[in-house]
Amino acid sequence: MAKPKEKKAKTGRNGPCWCGSGKKYKDCHLAQEEAQRAEHLRLWRAEETLFPKIFEAAQTLLENFPVAFAQFWQDKYSLEELDSLDDQEQRGAERCLTWFSFDHLLADGRTLVETLAQTPEQIPADLTFDPYEKQLLQSWQPVRMRPYLVQEVQKGKGFTVKDLLNETLSVVTDQAASKRLEVAELLIAHIVPIGEAYHITGAAAQLTSDTYETLRDFMQMHLLDLQKTQPTATMNDLAQQRSYIFNHLLMSLPHEHNPSILEDILLQTKVALQLAGQSVAGIVGKEEQKEEVAPEEEPNSGDAVEEHFPKNQ
Ligand SMILES: [Zn+2]
């Protein structure tokens, strides 16, 4: 049969179903697949309407802002400066509000998103949620601002990230972000499930690949600090309780690559967390060991990223 090429890939309604049942596609998987697509589309639309509602709810909790704001910005800015932060700190106001909604613990120990999912009547904003928005809220409760490593990019479609706290891989559907991202770069973002898919919600920060080691060591130091009071704490606990530290790192990063500044950041963090004298396995012991073995070798964080996650993978 000499059929035009473009028809080849399509399963016709009257053609045999791809599943091999022997039935026509329209009598077999067609209805189920159409329903799935429609469901998926409704969830994507629900994300667009839900996110502004969450921000609206956040703005009714003004009394929580000063403490949250100081924590997120490490006292660097006052609340009055909020409007200027989108310019000063790469969409800082939006990132801060996203963090406030998903991460900041309110008086009863729950986040705003958790409260909206469980007991929305407690939030003074007069909001109603449709079933799809409710479904998203339920699945968004565990989401926190977390660091991710970009593993694979499909330009114009999406990308795969590895969660640096628990090594989980997620395939993110995001056309705009996929055009800006490169393999081995880092993201500090809220990645939310939308049905079976994932999406970045709110504003995210993008870091160059040479910050990978700094980020990893920084996380390790903060975990050691958390373990002083919670000996069994994991990286996941760190994200659940102190995700604001990732913004502290973002604030201190240089705008241009400068290895000595990256080392200073770690040194300052070590001192601030009073980890300097500790011999626990982790950043402190590791660094000293490295210097003893090969003192002439310049540490190069960029190489390490290449080594673990080659670009031609
Ligand atoms: Zn079928």
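## The zinc site

Start with a pattern in the chain: the donors of the zinc ion are spaced as C-x1-C-x8-C-H. Keep in mind as you look around that this is a predicted model.

Which atoms hold the zinc ion? Cys17, Cys19 and Cys28 each offer their SG atom, while His29 uses ND1, and the distances run from 2.0 to 2.3 Å. Seen from the zinc ion, the four donor atoms are 108 to 114 degrees apart, so the arrangement is tetrahedral.

## Two cysteines, two settings

Is Cys17 buried or exposed? Its relative accessible area is 7%, and anything under 20% counts as buried, so Cys17 is buried. Cys19, another zinc donor, comes out at 33%, so Cys19 is partly exposed.

## The nonpolar cores

Now look inside the protein. The largest nonpolar core contains 66 residues, and Leu112 and Trp140 have the most contacts within it. Helix α1, spanning residues 30–58, is the biggest giver to this core, with nine residues.

Let's zoom in on Trp140. Leaving aside residues up to four places away in sequence, Trp140 touches Glu47, Leu50, Ile54, Phe102, Val113, Val192, Pro193, Ile194 and Thr201. There's also a second, separate core made of eleven residues, including Tyr148, Val150, Phe159 and Val172.

## Helix α8

Further along you'll find helix α8, which covers residues 212–229 and has 18 residues. From first C-alpha to last, helix α8 reaches 27 Å, close to the 26 Å expected at 1.5 Å a residue.

How many of the 18 residues in α8 are buried? The count is 13, so the helix is mostly covered.

Key. Residues numbered from 1 in each chain as written. Predicted model: local features only at pLDDT ≥ 70, side-chain atom pairs only at ≥ 80, totals over all residues. Heavy atoms only, no water. Donors = N, O, S within 2.8 Å, 3.2 Å for Na, K, Ca; no water. Tetrahedral: all angles 85-135°; square planar, octahedral: opposite > 155°, others 65-115°. Buried < 20%, exposed > 50% of the residue type's maximum accessible area, 1.4 Å probe, protein only. Helix = DSSP H or I, 4+ residues; strand = E, 2+ residues; numbered from the N terminus. Expected span 1.5 Å × (residues − 1). Core = buried A, V, L, I, M, F, W, Y, C linked by side-chain atoms within 4.5 Å. Contact = heavy atoms within 4.5 Å.
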